[in-house]
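Q: I have a model open and would like to learn how to read it, starting from a single side chain. Could you walk me through it?

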Amino acid sequence: MALTEKLVVTANESKGYVQITVSTVSLALTTIPDNAQKVLIHIETNTVRIRLDGTAPTAAIGQLLATDFWLELNGREMITKARLIRAGGADALVSVHYFA
């Protein structure tokens, strides 16, 4: 799903931004600010799999997110439980924006 028109974020204020490389080992979102309650994730390159229950996804198990997919997570618990892994043969670059 490509973002073709505009991006609207309804949150109080930005609390941080990070780009992470998603490879063959499952990882959590990094450097989560203490007061972050919302996250906007953009899959920049290659596909990834995500799980939101705190369990590590594998290259074959988890929700598949394609390149240029945008995902919004709401609530501290969901943000801290999110785990990503690459789904294809190459590492993925993921942009993460944190909001209060």
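A: Gladly. Let's start with a polar contact: the side chain of Arg86 meets the side chain of Asp91 at 2.5 Å. Keep in mind that this is a predicted model.

Q: What else lies 3.2 Å from a polar atom of the Arg86 side chain?
A: That is the backbone oxygen of Gly88.

Q: Is Arg86 buried or exposed?
A: The general idea is to compare relative accessibility with a cut-off: under 20% means buried. Arg86 has 17%, so this arginine counts as buried. Across the protein, 31% of the 100 residues count as buried.

Q: Which residues are in contact with Arg86, once neighbours within four places in sequence are left aside?
A: They are Val22, Ser23, Thr24, Thr47, Val48, Ala59 and Asp91.

Q: Where does Arg86 sit in the secondary structure?
A: Arg86 is part of strand E7, which covers residues 83-86. A useful idea for any regular strand is that side chains alternate between the two faces of the sheet. In this model, Arg86 of E7 is the bridge partner of Val48, and E4 and E7 pair antiparallel through four bridges.

Q: Which other strand pairs with E4?
A: Strand E5 (residues 63-65) does, with three bridges to E4 (residues 48-51) in the antiparallel sense. Within that pairing, Arg49 has Leu64 as its bridge partner.

Q: How do I read the order of strands in an open sheet?
A: List the strands by who sits beside whom, then look at the two ends. One open sheet here has four strands in the order E1-E8-E3-E6, paired antiparallel. E1 (14-22) and E6 (70-74) are the edge strands; each has a single partner, so one side of each is left without a neighbour in the sheet. Direction ignored, neighbouring strands in this sheet are turned by 20 degrees against each other on average.

Q: How many bridges join E3 to E6?
A: Five bridges connect E6 with E3 (residues 38-45), and the two run antiparallel. As one example, Lys38 is matched with Asn74 in E6.

Q: And how would I summarise the whole chain?
A: Count the elements, then read their sequence pattern. The protein has one helix and eight strands, following β-β-β-β-β-β-α-β-β along the sequence. Next, turn to contacts: among those between residues at least 6 apart in sequence, 80% join residues at least 24 apart. Finally, look at the surface: about 5,400 Å² is exposed, with carbon and sulfur atoms supplying 53% of it.

Technical notes
Residues numbered from 1 in each chain as written. Predicted model: local features only at pLDDT ≥ 70, side-chain atom pairs only at ≥ 80, totals over all residues. Heavy atoms only, no water. Pairing = 2+ DSSP bridges. Axes fitted to C-alpha atoms, helices over the stretch in contact; angles between N-to-C directions. Buried < 20%, exposed > 50% of the residue type's maximum accessible area, 1.4 Å probe, protein only. Contact = heavy atoms within 4.5 Å. Areas by Shrake-Rupley, 256 points an atom, 1.4 Å probe, with all protein chains shown as cover. Polar contact = N/O pair within 3.5 Å; in protein donor to acceptor, adjacent residues only side chain to side chain.
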